Amino acid sequence: MTEEQFSPFFERIERPNPDKAVDFQRHGRLKHLIFGSQLNVPLLEKLCRSADTIRTMARTVDGHRSLRNLLAHKRAMLYFTQPSTRTFLSFMAACQILGITCNEVRDPKTSSEVKRESQTDSVRMFSSYFDVIIMRSQVEKFAEVCAYMMNDLEETEQRSVPIINAGAGSDEHPTQALLDMYTIYRTFRFPQSTAQESSRLSQLKREYPDLVSGPQQKTYLFCGDIARGRTVRSLATVLAQYPGVRMFFVAPDHDALRLDKKLESNLIASGVDIRQFGSLDETVDGQPILAQTDCVYMTRIQREHNSPETETELAALDLEPFRLTKSRVNQLKSFSAILHPFPRDRVVGEIPTEVDQDPRALYFRQARNGMWARAALLVHLFDASEDLIYAHSQSLQSSS
Ligand code: CP
């Protein structure tokens, strides 16, 4: 992407995120989803409720049919010029669940970009044929630029469609934060498995008297590539909205990986208690950090961002202190959640496969939650939340 394509939007890009958010919403609803801090607590709670409704409806044939009619008049473009498995496929599955027709451009060599068409022209063309553009790019702020372009088109009464940022460089990945939060909500609701049981929360309170339900008053431990992990940046920003949150950041001692100053100061300004460590085996207040953690968020070292110089320096690092081995998992609380946005690095093994059977290992469920959470986001963006509630009640009536 050339500077020329960015330059009309420089002034808007340079603003702090809270000042930008107003450009990405309409009548109190999201118009575009560009960064994590747009996901405020009431919106997250609404999207989690919709995701629950969609997953419940999808269990029955009638519910499934109703869902497929919900947005059958809409078309989505998946413009993914950076590799993806989960985000691409879960968005596609979410569209299929809701009846949205999808098309994709993944390799720009198959588009007219090979004829020197600019990426902004490509996106404007997509808006001629589709009703939403879901985009992943290695270029930071590209989704944001496209959202401004759509706003400018709307102002001049031209066709304009919502933009969803599905990952932009090492910058932000807001829909990953959405599915991470959906997983956290579901886990820390402490659901009962049977009606006869006393609530799981009251059982756990015998061992952990201060435990409360919900994302608040919890310790979140982020481990690995903190500085370049766009999923970490988006999720930490969203979690900072909840009271009593503490965050542990565990990263190798290298500037390319440690918590960056901008995120650190934003989190501190939001009142988050932050601690930084150089190993998963460290202690704080005389207790192992893992024993104090409610949710571990493991990440991969993102080698694709390495310069040749960084590649050599990072190759010399000992990554063993950043692997969540079985013996380290054993230090966690009995209800802790182990999350990872995936992919994991099969060579480094930041979570060895032997941990996969542990009931606290939620990363495969987390990836599946992405499908429900992204479907809920599409319902919200297309202002179909009331239609979803109505379709749910109708499907309940027809099955009773
Ligand atoms: N978590 C995530 O963004 O995975 P993909 O890169 O496979 O989409």
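In the predicted model, K20 touches R12, I13, R15, F35, K141, E144 and Y148, leaving out residues up to four places away in sequence. K20 belongs to helix α3, which spans residues 17–20. With a relative accessible area of 1%, K20 falls under the 20% limit and is therefore buried. Two of the residues that K20 touches, F35 and Y148, also take part in an aromatic cluster, in which ring pairs link F9, F24, F35 and Y148.

Aromatic pairs number 16 when the whole structure is searched. One of them joins F188 and F190 in a tilted arrangement, with 5.9 Å from centre to centre and 40° between the planes. F188 and F190 are both buried. Another pair is formed by F248 and F277, whose ring centres are 5.3 Å apart; the planes stand at 80°, so this pair is edge-to-face. F248 is part of strand β8 (residues 246–250) and F277 is part of strand β9 (residues 273–277), so the pair ties together parts that are 29 residues apart in sequence. The relative accessibility of F248 is 0%, and F248 therefore counts as buried. F277 is likewise buried, because its relative accessible area is 10%.

Charged side chains are also placed over aromatic rings. The charged end of K218 sits over the ring of F188, at 5.1 Å from the ring centre; F188 is also the partner of F190 in the tilted pair. In a further case, R106 lies over the face of F88, with 3.8 Å to the ring centre.

The domain assignment divides the protein into domain 1 (3–172 + 369–382) and domain 2 (174–368). The C-alpha centres of domain 1 and domain 2 are 26 Å apart. Across the boundary, 36 residues of domain 1 are in contact with 28 residues of domain 2.

The largest nonpolar core comprises 80 residues, and I134, F222, F249 and L378 have the most contacts inside it. Helix α15 gives the most to this core, contributing nine residues. Both domains take part, as at least three residues of the core come from each of domain 1 and domain 2. L378, one of the residues with the most contacts inside the core, touches L71, F91, A94, C95, L98, I100, V132, I134 and I164, not counting residues up to four places away in sequence. I134 thus appears both among the residues touched by L378 and among those with the most contacts inside the core. A second, separate core has 26 residues, including F126, A143, C146 and V161.

H340 is located in the loop between β13 (337–339) and α15 (363–381). Its relative accessible area is 1%, so H340 is buried. Apart from neighbours within four places in sequence, H340 is in contact with M298, T299, R300, E350, I351, Y363 and Q366. A polar atom of the H340 side chain lies 2.8 Å from the backbone nitrogen of F342. F342 is in turn joined to P343 by a cis peptide bond, with omega at about 5°. P343 has its place in the loop between β13 and α15, where H340 is also found.

Most peptide bonds are trans, and most residues other than glycine have a negative phi. Besides the cis bond between F342 and P343, the backbone shows positive phi values at E157 and Q217. E157, which is not a glycine, has a phi of about 60°. The position of E157 is in the loop between α8 (142–155) and β6 (163–168). With a relative accessible area of 76%, E157 lies over the 50% limit and is therefore exposed. Phi of Q217 is near 50°, again a positive value in a residue other than glycine. Q217 occurs in the loop between α10 (200–207) and β7 (219–223). Because its relative accessibility is 47%, Q217 counts as partly exposed.

Technical notes
Residues numbered from 1 in each chain as written. Predicted model: local features only at pLDDT ≥ 70, side-chain atom pairs only at ≥ 80, totals over all residues. Heavy atoms only, no water. Helix = DSSP H or I, 4+ residues; strand = E, 2+ residues; numbered from the N terminus. Buried < 20%, exposed > 50% of the residue type's maximum accessible area, 1.4 Å probe, protein only. Polar contact = N/O pair within 3.5 Å; in protein donor to acceptor, adjacent residues only side chain to side chain. Contact = heavy atoms within 4.5 Å. Phe/Tyr/Trp six-rings, centres within 6.5 Å; stacked < 30°, edge-to-face > 60°. Lys NZ or Arg CZ within 6 Å of the ring centre and 35° of its normal. Core = buried A, V, L, I, M, F, W, Y, C linked by side-chain atoms within 4.5 Å. Domains from an automatic or database assignment.
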